[in-house]
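User: I am new to reading protein models, and I would like to learn how to go through one feature by feature. Could you take me through this one?

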Amino acid sequence: MDEARLKRALDVLLAERQENLEPGSGTLLVAYRLRDMPTIPSSVPCHILRTTYDAEHPAHLLLDRRPRPDDIMVYAFLSKQRLDRVLMALAPSSSNFFQVLVDNLGQEQSGTTEISKVGEVDPIMLQDFFSLMVVTYAERREEWELVIDGLASAAIALASPAIRHHSGRRSPDELVALLLTEIAAHPESVTLQGLAERFSYNPTYLSGLLHEQCGRTFSQLVREQRMLRAHQLLTDTGLPVAKVAAMVGYEGTSNFHRLFRERFGETPTQVRAERGTSDATMMEARAHNDRLQEVDDDQG
């Protein structure tokens, strides 16, 4: 990590210091001198990562001395709802990483994951991940939140052996949150039997719980997520309709077309055509603006 670039990023965070910390549903990084540290809220459902930087040489870890008042503490507040979907898609069910996520999904205060003591985890690697998050957040280039999600996922996976595992059965609300996260992460392949085996529950119980809590069946919840993902793929990519259908879990296109039209009132082809019309309109407007600019330049 370039120390000069990291120092500039820390200066940006220090200048943005917020007196009233209220982490919302997005990503928030805050930095304070240790002498000015505020009270950090403990009841917000989010992942919290923190580290301390040497005020003079932030690229150096504080391994050989105690923190000083001028040193910089950085907190990263990361939305559980968004980040857990990324993490659940990465974690093998046999890993401690997965168990940590299962324990925390759907919870409030007791579910906040704070990684502050990394035990035997490589501190240099963890600090590198965190420093890249700091720089990414301070510079806020295109898609910066996606980059931070990836870095945070790597940091949490690296530190997961040091996070205490809380055993015990989950409440119905916690279990439903966990199931919905899995459905949203893998709508193309998720099955009720697979979820029952993964979380050690009876499939009939899970089916009844979802219907009771969400008012829809498991199949309806899966179908909704498939349709939403298909609509996004049709509007954001140029993939063939048959390819989109396969990507969201349908072997053929006839059933996919029927369900898509029931959900959106339009066929996949119509949605794709509307996207093409929108793109053409945007290109025409851009060309018109360019011509106006050329006229202004000539007159100037």
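User: How many residues of strand β1 are buried?

Analyst: In this predicted model, strand β1 spans residues 27–33 and is mostly covered, with 6 of its 7 residues counted as buried. A residue is called buried when its relative accessible area is under 20%. Take Thr27, which is found in strand β1: its relative accessible area is 10%, so Thr27 is buried.

User: Which strand is joined to β1, and in what direction do the two run?

Analyst: The partner is strand β3, made of residues 72–79, and the two strands run antiparallel, joined by 7 bridges. Within this pairing, Leu29 stands opposite Ala76 of β3. It also helps to compare distance along the chain with distance in space: Thr27 and Ser79 are 52 residues apart in sequence, while their C-alpha atoms are 6.2 Å apart in space.

User: Turning to helices, at what angle do α1 and α4 pack?

Analyst: Helix α1 (residues 3–15) and helix α4 (residues 123–139) pack at an angle of about 60°, and their axes are 9 Å apart. That angle makes α1 oblique to α4, and the crossing in which α1 passes α4 is left-handed.

User: Which residues meet where α1 and α4 touch, and how do they divide by character?

Analyst: From α1 come Arg5, Leu6, Ala9, Leu10, Val12 and Leu13, and these meet Ser131, Val134, Val135, Tyr137, Ala138 and Glu139 of α4. Sorted by character, the residues of this contact comprise 9 nonpolar, 1 polar and 2 charged.

User: What does the phi angle look like for Arg140 and for Glu143?

Analyst: The general idea is that most residues other than glycine have a negative phi. Arg140, which is not a glycine, nevertheless has a positive phi near 45°, and Glu143, also not a glycine, has a positive phi of about 60°.

User: Where do Arg140 and Glu143 lie, and how accessible are they?

Analyst: Arg140 lies in the loop between α4 and α5, the latter being residues 144–159, and Glu143 is found in the loop between α4 and α5 as well. For accessibility, the range between buried, under 20%, and exposed, over 50%, is called partly exposed. Arg140 has a relative accessibility of 32% and therefore counts as partly exposed, and Glu143, with a relative accessibility of 47%, likewise counts as partly exposed.

Definitions and conventions: Residues numbered from 1 in each chain as written. Predicted model: local features only at pLDDT ≥ 70, side-chain atom pairs only at ≥ 80, totals over all residues. Heavy atoms only, no water. Axes fitted to C-alpha atoms, helices over the stretch in contact; angles between N-to-C directions. Helix = DSSP H or I, 4+ residues; strand = E, 2+ residues; numbered from the N terminus. Parallel < 35°, antiparallel > 145°, perpendicular 65-115°, else oblique. Left-handed = near helix turned anticlockwise from the far one by under 90°. Contact = heavy atoms within 4.5 Å. Nonpolar A, V, L, I, M, F, W, Y, C, P; charged D, E, K, R; others polar. Buried < 20%, exposed > 50% of the residue type's maximum accessible area, 1.4 Å probe, protein only. Pairing = 2+ DSSP bridges.
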